[in-house]
Amino acid sequence: MAADQRGKAATLALRRRLLSNSCRLFFPEDPIKIVRGQGQYMYDEQGAEYIDCINNVAHVGHCHPLVVQAAHEQNQVLNTNSRYLHDNIVDYAQRLSETLPEKLCVFYFLNSGSEANDLALRLARQYTGHWDVVVLDHAYHGHLSSLIDISPYKFRDLDGQKEWVHVAPLPDTYRGPYREDHPNPAVAYASEVKRVVSSAQEKGRKIAAFFAESLPSVGGQIIPPAGYFPEVAGHIRRAGGVFVADEIQVGFGRVGKHFWAFQLQGEDFVPDIVTMGKSIGNGHPVACVATTQAVARAFEATGVEYFNTFGGSPVSCAVGLAVLDVLEKEQLQAHAACVGSFLMELLGQQKAKHPILGDIRGVGLFIGVDLIKDEATRMPATEEADYVVSRLKENYILLSTDGPGRNVLKFKPRCVSAWTTTTRGSKARRHPDR
């Protein structure tokens, strides 16, 4: 705790000396030193209280007492790897299975979303016997080398596109080739995937998987048109591949209407593999891959054991179970729907007053505000977005931007309910003397 008393300037100097410059801070010109979090709030070293609309990891609120208690109690009893028989891991898998379509019934536990997507890639290749991957433009699926290769958001600034990676247009009905006035944008964008697949096949390539965030975030808080995923899945499966739904940023009730964002595409749509991370552990490092019996059996047929030292530990699973308990007991899925609708309504009122607000899109507590310079061209208002984020910080609201033009304000706050109103620290100051 002694380090908490260090001044911000001293901490920043140590960071600059000891950490790589590639490990960037939010608000690098004037970073915030956060020393405490509670619910939807974060507090700096001077006690200033910020509303946190950036961190989508603390899904049920920073330091939720039930989650903290679950980790503490299990830590006092046992924390070991998953080669030992233990109730927590099977209880957790069973609870997760109750939220998913029946077909997705085999689970692998890991430490991070990146690990989950890497395993999904291995599963897909083993099951199909193919190698190539189709991804959406501007996608980001993780920081491992295998995932940088399938993340246009990253590889375009590094080694470029590999021959086994095929990029389809982002299904963006505001900025993409098929917009809100198109009679059937879902089919049109899915046809682009079909075209990409056909082009790859003409070169002798074979498709193992289509990877997509169920709601593309880095791409600009995109809401794919309803029916897009089922159409894409048909094209991919006919090519011998599988559909991987990346729910790492958007799962666990964030969208309000459903527990999983892929369910927005229709109750009958079922991915072959679903990956989970971030919110699954409310800040604890835990992740998961859910898949079908057929995919799992093909992976098992290699005879090679899958083992993850910390994935599925008793503590990780206790935390995961506690997060599910909180989501259910505090009705946070319904809360996300209610608060999200209210926020969309308020933003819509601002759009009517300010032409810079080009598009407001979202579902539940996943919302993007696309800032534009001109309504006719929809040119991204990048500098203006940076200014808005900076001004909001001055008013103790933490927000960030994304999208190819870095002009989309993205709201991904916690799905917290009312518990924070009675547990916040009484010494917090919203506007401390500086």
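The following questions and answers walk through a predicted model, taking a pocket, a sheet, two helices and some single residues in turn.

Visitor: How many residues line the second largest pocket, and which element supplies the largest share of them?

Guide: The second largest pocket has a volume of about 780 Å³, and Cys53, Leu343, Leu347, Ile397 and Phe411 are the lining residues that lie nearest its centre. Several elements each supply at least two residues of the lining, among them β3 (49–52), β12 (366–371) and α12 (382–394). The lining has 30 residues in total, and the largest share, seven residues, comes from α11.

Visitor: By class, how many residues of that lining are nonpolar, polar and charged?

Guide: General points on empty space come first: rolling a probe the size of a water molecule over the atoms shows where such space is left. For the lining of the second largest pocket, the count by class is five polar, four charged and 21 nonpolar residues.

Visitor: Which strands stand at the edges of the open sheet of four strands?

Guide: The order of this open sheet is β1-β2-β3-β13, and its pairing is mixed. An edge strand has a single partner, so one side of it is left without a neighbour in the sheet, and this holds for β1 (34–38) and β13 (397–398).

Visitor: Which residue of β13 stands opposite Asp52?

Guide: Strands of a sheet pair through backbone hydrogen bonds, either parallel or antiparallel. Here β3 and β13 run parallel and are joined by two bridges. The residue in β13 that stands opposite Asp52 is Leu398.

Visitor: What is the distance between the end C-alpha atoms of helix α7, and what should its residues span?

Guide: Helix α7 covers residues 185–202, which makes 18 residues, and at 1.5 Å a residue these should span 26 Å. The expected span agrees with the distance between the end C-alpha atoms, which is 26 Å.

Visitor: Which elements help to cover the buried residues of α7?

Guide: The buried residues of α7 include Pro185, Tyr189, Val193, Val197 and Ala200. Just after this helix, Gly204 takes a positive phi of about 85 degrees. What covers the buried residues of α7 includes β5 (132–136), β6 (165–168), β7 (207–213) and α8 (228–238).

Visitor: Which residue just after α4 takes a positive phi?

Guide: Helix α4 (residues 113–128) has 16 residues and reaches 22 Å from its first C-alpha to its last, close to the 22 Å expected at 1.5 Å a residue. Among its buried residues are Leu119, Leu123 and Thr128. Just after α4, the residue with a positive phi, of about 75 degrees, is Gly129.

Visitor: Is Asn282 buried or exposed?

Guide: Asn282 has its place in the loop between β9 (273–276) and β10 (287–291), and although it is not a glycine, its phi is positive, at about 55 degrees. Its relative accessible area is 10%, and since buried means under 20%, Asn282 counts as buried.

Visitor: What is the relative accessible area of Tyr396?

Guide: Tyr396 has its place in the loop between α12 and β13, and its phi, near 65 degrees, is a positive value in a residue other than glycine. Tyr396 is buried, with a relative accessible area of 8%.

Visitor: Is Glu328 buried or exposed?

Guide: Glu328 is found in helix α10 (residues 314–329), and C-alpha to C-alpha it is 38 Å from Arg238 in space, with their positions 90 residues apart in sequence. Its relative accessibility is 57%, and as the cut-off for exposed is over 50%, Glu328 counts as exposed.

Key
Residues are numbered from 1 along each chain as its sequence is written. This is a predicted model: local features need pLDDT of at least 70, side-chain atom pairs count only at pLDDT 80 or more; totals for chains, interfaces and linings use all residues. Side-chain values use heavy atoms; hydrogens and water are left out. On a 1 Å grid over the protein atoms alone, a cavity is a set of points where a 1.4 Å probe fits but cannot get out, and a pocket is an open set with protein on both sides within 12 Å along at least five of seven lines; lining residues have an atom within 4 Å of a point. Grid points are joined across faces, edges and corners, and a volume is the space filled by probe spheres set on the points. Ala, Val, Leu, Ile, Met, Phe, Trp, Tyr, Cys and Pro count as nonpolar, Asp, Glu, Lys and Arg as charged, and the others, Gly among them, as polar. Two strands pair if DSSP finds at least two bridges between them. The expected span of a helix is 1.5 Å times one less than its number of residues. Buried means under 20% relative accessible area, exposed over 50%, partly exposed in between (1.4 Å probe, protein chains only). Contact means heavy atoms within 4.5 Å.
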